[in-house]
Amino acid sequence: MPSSCDNNASESKCYLRAAISLLEGKYTLFILKQFFSGNQRFSNLLRTIPGISRKTLSDKLRNLTEIGLLSRTAYAEVPPRVEYELTPYGQSLREVVSKLELLGKEMDKPPVPDVTPAKVPAVLEARESAVRVYRCGVSEDAAPRRSLRG
């Protein structure tokens with residue numbers, strides 16, 4: 001079944017590309033994740049997202065508001081107070097962001113070596129070969145090394 005992003009599909013019909021464009025940028029997912037715990041103010045976001053500049057945060061909040069993921073409420077107070085919250089459209093990304101976070105967590109784990117019974121002899125042989133090379137200081141397919149001491 002052809003996907004909507006095949007080479008012959010028009011740019012406007014690539015739904016994956018459209019979805020990715022919602023989340024593009026270095027800080028977008030970090031910003032959205034902050035809203036899963038409730039409404040946020042600019043200063044709180046600036047404090048909780050490491051490395052983000054005021055300008056970048058301002059631009060990202062404006063963009064997320066324009067595309068409908070966030071809503072902005074300005075209160076007529078002195079000093080002025082502005083709060084942002086996720087719209088229902090933004091809430092729909094909660095599961096996506098959570099799954100991406102889980103994927104990152106899984107990728108951070110060291111790989112589990114494949115030691116199924118069929119692979120055990122090959123694993124043991126590779127280990128023994130590595131131990132021999134380490135102890136001798138000589139690779140089996142290279143000429144012996146000369147000692148620096150003498």
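How many Å² does the accessible surface of the protein chain come to, and what share of it belongs to carbon and sulfur atoms? In this predicted model, the accessible surface comes to about 11,900 Å². Carbon and sulfur atoms hold 57% of that area. Of the 150 residues in the protein chain, 17% count as buried.

Confidence varies along the protein chain. The mean pLDDT is 80. A value of 70 or more is reached by 69% of the residues. Strand β1, residues 40–41, has the highest mean, at 96. Helix α7, residues 120–136, has the lowest, at 66.

The protein chain contains seven helices and three strands. Read from the N terminus, the order of elements is α-α-β-α-α-β-β-α-α-α. Two helices thus open the series, and β1 follows them. Two further helices come next, then β2 and β3 in succession. Three helices end the series. Contacts can also be sorted by their distance along the sequence. Among contacts in the protein chain with a separation of 6 or more, 37% join residues 24 or more positions apart.

The three strands form an open sheet. Their order in the sheet is β1-β3-β2, and the pairing is antiparallel. The edge strands are β1 and β2, since each pairs on one side only. In general, strands of a sheet pair through backbone hydrogen bonds, in a parallel or an antiparallel sense.

Each pairing can be described in turn. Strand β1 is joined to strand β3, residues 81–86, by two bridges, and these strands run antiparallel. Within this pair, Q40 stands opposite Y84 of β3. Strand β2, residues 70–75, pairs with β3 over six bridges, again in the antiparallel sense. Here R72 stands opposite Y84 in β3. Residue Y84 therefore has Q40 opposite it in one pairing and R72 opposite it in the other. A hairpin of five residues leads from β2 to β3.

A nonpolar patch lies on the surface. Its members are V96, L100, L103 and M107, and its area is about 370 Å². One of these residues, M107, is placed in helix α6, residues 94–108. Is M107 buried or exposed? The relative accessibility of M107 is 63%. The cut-off for an exposed residue is over 50%, so M107 counts as exposed.

Definitions and conventions: Residues are numbered from 1 along each chain as its sequence is written. This is a predicted model: local features need pLDDT of at least 70, side-chain atom pairs count only at pLDDT 80 or more; totals for chains, interfaces and linings use all residues. Side-chain values use heavy atoms; hydrogens and water are left out. pLDDT is the predictor's confidence in each residue, from 0 to 100. Helices (H or I, at least four residues) and strands (E, at least two) are DSSP runs, numbered from the N terminus. Patches are made of residues with over 30% relative accessible area and no salt bridge: like charges are joined within 9 Å, nonpolar side chains (Val, Leu, Ile, Met, Phe, Trp, Tyr) within 5 Å. Accessible areas come from the Shrake-Rupley method with a 1.4 Å probe; for residues, only the protein chains shown count as cover. A salt bridge is a side-chain nitrogen of Lys or Arg within 4 Å of a carboxyl oxygen of Asp or Glu. Buried means under 20% relative accessible area, exposed over 50%, partly exposed in between (1.4 Å probe, protein chains only). Contact means heavy atoms within 4.5 Å.
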